[in-house]
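These are comments on the model shown below, set out as numbered points. They take up the contacts between parts of the structure, and then the sheets.

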Amino acid sequence: MDDQTVFKMDEPVGETRLDTAAQGLIGKPLDRFEGPLKVSGRAPYAYENLAGDPDVAFGYLVLSGTGAGTIRSVDTSAAEKAPGVLAVIHDDNGPRASADPNDQRPAAIKGEVVHFGQPICVVVAETYEQARDAARLVKVDVETKEGQYDLLANRDRAHKAQNGAMQAEVTKGDFDTAYANAEVTLDVTYTTPSQSHSAMEPHAATAKWDGDELTIFGCYQLVSTNVGQLAKTLGIPKSKVRMLNPYIGGGFGGKLGIGPESVFAAIAARQLGRPVKIALTRQQVYQATSRRSDTIQRLRLGTTRDGRITALAHDTITSNSPGDEFFEPTGISTVFLYAGENRQITHKLAELNLLLSSSMRAPGEAVGMLALENAMDEMAEKLGLDPIEFRRRNEPEVDPQDGKPFSSRSLVQCMEEGAKRFDWANRPKAPASRREGEWLIGMGMAAASRKNLLQQSSAAISLSSDGRCVVSTDMTDIGTGTYTILQQIAAEILGLPREQVIVKLGDSDLPQAPGSGGSWGANSAGSSVFVAAEGVVAKIAEKLGVKPDEVTMKDGTAIAHNKQTPLAEILKGETITVTGTFKPGRTFKDTHQASYGAHFCEVAVNAVTGETRVRRLLTVAAAGRILNEKTATSQCYGGQIFGIGSALTEELVVDTRTGLLVNHDLAEYHVPVNADVPQLEVVLLPERDRIASPLAGKGIGELAICGVGAAVTNAVYNACGVRVRDYPMTLDKILPGLPA
Amino acid sequence: MKSFAYERASDPKAAAAIASRAHARFIAGGTNLLDLMKIQVETPETLVDITRLPLKEIAEADGGLSIGALVTNSDLAADERVRRDYEVLSRALLAGASGQLRNKATTGGNFLQRTRCSYFYETNARCNKREPGSGCDAMNGFNRILAILGTSDKCIASHPSDMAVAMRALDAEVETLKSDGSTRRLTLPELYRLPGDTPERDTNLEAGELITAVRLPKPLGGTHIYRKVRDRASYAFALVSVAAVIGVENGRMETIRLAFGGIGTMPWRDARVEEALIGEAPSAALFAKAADILLTEAKGHGENDFKIPLMRRVLPAVLREATGVAA
């Protein structure tokens with residue numbers, strides 16, 4: 001018996017079983033239950049499937065060694081003769097990079113080279129090493145043409161972006177006039193470089209055909225979307241593709257779209273009649289999947305003398321490869337974060353011969369708020385205001401663009417709580433005024449905000465008579481703790497010890513979820529589990545002859561009318577299965593929903609060398625109900641660390657002569673290492689947003705990266721008095737401004 | 001990766017003999033060689049595994065130390081005698097790589113690691129060190145970590161080692177065994193070559209010549225400093241570094257050893273700098289002069305221009321720290 005139950009969020013929810021918490025699991029800082037499998041090597045990742053199967057062949061991608069041109073020929077003869085080589089497959093339909101998640105399929109090669117490092121063909125051999133060696137023998141003859149590799153040089157050729165993740169242009173009032181008339185103005189331009197997701201697990205896939213049915217073991221964040229993209233590329237029905245992604249070694253957006261590894265593995269496996277594995281090398285991940293766009297951001301703020309914003313403009317230019325229309329929604333937070341009657345947020349896109357730019361952790365905010373929150377800091381200084389006070393004076397009552405109420409907004413509380421905990425009042429008031437030996441000490445803060453995104457999602461729950469429960473959905477866990485929070489939600493509502501709840505994820509045969517991205521996973525998939533679990537409770541209530549809200553579920557029993565009945569007695573050997581579907585409804589449309597926070601940072605800048613070391617970093621966040629304090633906090637730690645990298649070290653360097661992404665490995669693409677990360681502190685403010693979801697939660701996965709880098713660089717300025725507007729703030733940029 | 005023959009040497013002489021064959025390489029820690037083989041920048045036909053050779057001792061010799069070539073970077077950094085008498089070496093080792101790499105990397109191998117120039121590692125780029133005569137894409141490209149001293153118009157690759165910088169300050173010498181069974185000792189300026197017209201040759205070692213040990217002369221006493229400036233706090237190569245051993249007696253600098261990393265195509269040392277300082281009373285003006293002398297011939301190539309003003313600040317800071325004289 002499989003029942004369907006659908007819940008559409010048209011009204012705010014009242015108190016739920018998560019509030020009464022009879023089982024006492026929700027919100028608790030529980031360990032990720034799959035963690036031991038991962039750290040002991042027992043959780044198979046994409047490439048580890050079919051281990052030891054002698055039938056498996058290995059593919060290795062050949063990438064372009066030029067940045068732009070037309071492929072005249074691909075000479076595979078030498079490679080085909082190399083030891084162990086089974087085939088060299090040059091398929092013009094093959095992808096030139098990963099797919100953008102919004103596209104039906106990855107852009108095809110079609111005889112063109114559009115970026116350096118673009119996949120050209122795949123060599124398949126009996127061993128990985130043979131394939132890799134033979135790949136060097138493939139001769140790709142390209143009629144090169146002049147490529148465009150430099151965003152700054154192409155800024156004037158940028159065009160208005162197509163509306164995508166947000167409207168490309170969001171305006172209100174008359175910015176130009178208001179800015180011209182403003183008592184105090186600031187006009188500053190910031191640049192941020194391309195960045196790479198750099199997840200621990202390189203993109204990998206294992207493909208196996210059984211007749212016309214394909215099984216793909218992958219590493220993707222959005223199962224249903226990715227199945228569709230793969231099927232479309234291969235020209236087969238979606239129903240013929242089974243994707244299995246139970247364990248994923250990090251994504252950060254880099255695995256939102258199907259990647260060249262899967263498409264080429266599937267093509268090769270079909271041609272050879274054998275399973276084929278492809279793992280990208282680290283260098284290939286940097287060159288052939290996707291990146292975060294570089295940005296040029298002009299911020300103009302006009303205020304009254306007492307610091308009320310009257311004019312606000314954020315004009316941005318980002319880049320993408322020819323034909324790829326995604327733009328980094330750089331101004332997404334600027335739309336709603338601060339008040340101001342006259343507003344202008346624009347996005348232009350420059351066509352460059354660089355790797356696909358697509359979503360990376362908090363697309364938009366992560367780089368847009370570097371500029372916005374630096375500009376707020378610069379303006380506060382100009383006005384002689386404390387940066388928190390300046391923000392407080394511009395706290396909007398409602399969404400300043402369209403007047404919608406906020407579903408919940410605790411920005412001011414986050415700033416106040418953070419200020420207290422960080423001893424903000426005792427910060428160095430003037431730049432370069434506090435020194436410890438060679439080190440200049442400074443403090444900075446920034447606001448955090450991340451739009452709350454919510455998607456339709458389904459999950460099935462089966463509860464058997466012995467109290468064992470299975471939660472199934474094609475949702476993914478990319479290392480965030482999805483397995484564990486879904487277990488907690490189901491166990492809380494059904495009144496079960498957590499060990500009795502098994503969670504199955506990442507299988508395209510299971511009910512459809514939106515996957516992991518945009519911080520929507522916990523609330524969307526979690527709400528579907530909530531709905532399904534409530535459906536199961538309703539069934540139990542029916543059997544007991546009571547109303548669902550008269551039942552308390554606890555310790556494998558149902559309590560109603562002062563009578564406690566074990567599940568076995570109620571179910572009598574039967575298994576209840578309910579598929580729950582959650583749909584965002586009117587509350588999502590009628591309110592503005594976002595999570596908020598505040599970051600506080602103390603840095604030391606070396607007065608001799610300009611080296612910056614982060615000493616303390618505090619993030620106070622409010623994102624509605626926290627489902628698991630530990631996994632939520634860990635997400636915030638991750639965001640903070642990302643922010644340190646964005647602020648100080650991370651840059652995917654483009655050789656603007658050729659388009660080569662020069663520093664394509666983890667030795668030279670500098671993510672922060674442990675020594676760069678101080679003791680981090682995260683405080684999660686209690687908040688319930690009953691408008692946002694049945695769980696009363698909002699997205700938190702990306703919140704902490706939003707703005708945090710600006711808190712670091714605002715602290716750098718406060719420490720040494722050098723304001724750098726070109727990210728990352730490496731020492732060579734600080735050095736010229738330091739006293740001799 | 002190309003297929004290769006693997007041979008495990010039973011003794012150092014056998015190792016040197018096997019390695020004298022064409023396209024042979026010794027392998028010990030493999031922390032650089034294996035990476036290079038994966039991307040086929042190195043394509044040896046034979047790997048001679050020397051990890052079981054008896055070259056793992058640190059012994060006292062001639063008032064100094066004899067360090068076996070296979071002593072790991074971790075063990076060398078932790079050795080009590082090294083920490084006591086050659087602190088600059090211990091500090092330099094610990095400033096390099098990561099704990100995992102130091103556990104594998106050996107003393108001999110550390111000397112022989114290849115440059116970290118991005119274009120050396122990218123086989124689609126031009127690199128005279130990797131492919132003689134092909135050109136140098138680093139010259140006007142991304143050369144942030146590359147050299148400003150000892151360069152040629154063929155190559156500006158910096159030597160990446162921290163350990164070798166401290167070794168150079170300490171006047172270390174390497175002992176080698178050639179394939180014909182003869183041995184020799186080389187100072188570091190004798191071991192390393194400037195790129196000149198032959199950047200493909202990093203060292204003067206002959207085919208099959210095996211580093212068996214490193215000799216450190218008698219301890220110098222004095223204050224030991226290894227200062228490394230880098231883009232992140234760990235696991236990054238030096239932008240600039242200074243290895244210093246400085247002894248002050250009666251207000252005068254009577255011991256001066258200064259070597260430099262990140263700026264040279266080999267672990268750098270400049271006798272003129274030490275001559276300017278030796279026997280003098282420490283002063284800010286003198287320190288600035290020392291930096292000027294060091295950087296007289298320095299030449300930036302765009303992205304690495306900042307190393308010149310950076311070193312102009314770092315060397316005096318090291319001298320201030322060593323002598324206690326404030327600027």
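1. The model is a predicted one, and I begin with the interface of domain 1 of chain A and domain 2 of chain A, across which the rule finds two salt bridges. A salt bridge joins A:R242 and A:D509, whose closest N and O atoms lie 3.1 Å apart. Across the interface of these two domains there are also nine residue pairs in polar contact, with both residues at pLDDT 80 or more. By class, the side of domain 1 of chain A that touches domain 2 of chain A is made up of five nonpolar, eight polar and four charged residues.

2. For orientation, the assignment divides chain A into domain 1 (2–30 + 454–584), domain 2 (46–146 + 198–288) and domain 3 (406–451 + 593–740). Taken over C-alpha atoms, the centres of domain 1 of chain A and domain 2 of chain A are separated by 38 Å, and their contact draws on 17 residues from domain 1 of chain A and 18 residues from domain 2 of chain A.

3. How much area is buried between domain 1 of chain A and domain 2 of chain A, and what share of it do carbon and sulfur atoms give? The area is about 1200 Å², with 49% coming from carbon and sulfur atoms. Of the area that domain 1 of chain A buries against domain 2 of chain A, 38% is supplied by A:I478, A:G506 and A:S508, which is more than any other three residues supply.

4. Turning to the two chains, the contact takes 36 residues from chain B and 39 residues from chain A. Between them, chain B and chain A bury about 3100 Å², and 52% of this lies on carbon and sulfur atoms.

5. Across the interface of chain B and chain A the rule finds two salt bridges; A:D732 forms a salt bridge with B:R144, in which the closest N and O atoms are 2.9 Å apart. The count of residue pairs in polar contact between chain B and chain A, both residues being at pLDDT 80 or more, is 15.

6. Which elements of chain B each supply at least two residues to the side that touches chain A? They are helix 8 (118–121), strand 9 (223–229) and helix 13 (307–323) of chain B, and helix 13 of chain B gives the most, with six residues. By class, the residues on the side of chain B that touches chain A divide into 16 nonpolar, seven polar and 13 charged.

7. Strand 9 of chain B also belongs to an open sheet of four strands, which has the order 9-10-11-12 and antiparallel pairing. Strand 9 and strand 12 (268–269) of chain B are the edge strands, each pairing on one side only. Within this sheet, strand 10 (residues 240–249) and strand 11 (residues 252–261) of chain B pair in the antiparallel sense over nine bridges, and B:I246 stands opposite B:I256 in strand 11 of chain B.

8. In chain A, an open sheet of five strands follows the order 18-19-27-28-29, and its pairing is mixed. Strand 18 (435–436) and strand 29 (680–684) of chain A each have a single partner strand and stand at the edges, so one side of each is left without a neighbour in the sheet. Strand 19 (residues 439–451) and strand 27 (residues 594–606) of chain A pair in the antiparallel sense over 13 bridges, with A:K451 standing opposite A:A594 in strand 27 of chain A.

Technical notes: Residues are numbered from 1 along each chain as its sequence is written. Chains are lettered from A and ligands numbered from 1 in the order in which they are written. This is a predicted model: local features need pLDDT of at least 70, side-chain atom pairs count only at pLDDT 80 or more; totals for chains, interfaces and linings use all residues. Side-chain values use heavy atoms; hydrogens and water are left out. Domain bounds come from an automatic or database domain assignment. Contact means heavy atoms within 4.5 Å. Buried area is the accessible area (1.4 Å probe) that two parts lose on being put together, summed over both. A salt bridge is a side-chain nitrogen of Lys or Arg within 4 Å of a carboxyl oxygen of Asp or Glu. A polar contact is a pair of N or O atoms within 3.5 Å; within protein, one must be able to donate a hydrogen and the other to accept it, and residues adjacent in sequence count only if both atoms are side-chain atoms. Ala, Val, Leu, Ile, Met, Phe, Trp, Tyr, Cys and Pro count as nonpolar, Asp, Glu, Lys and Arg as charged, and the others, Gly among them, as polar. Two strands pair if DSSP finds at least two bridges between them.
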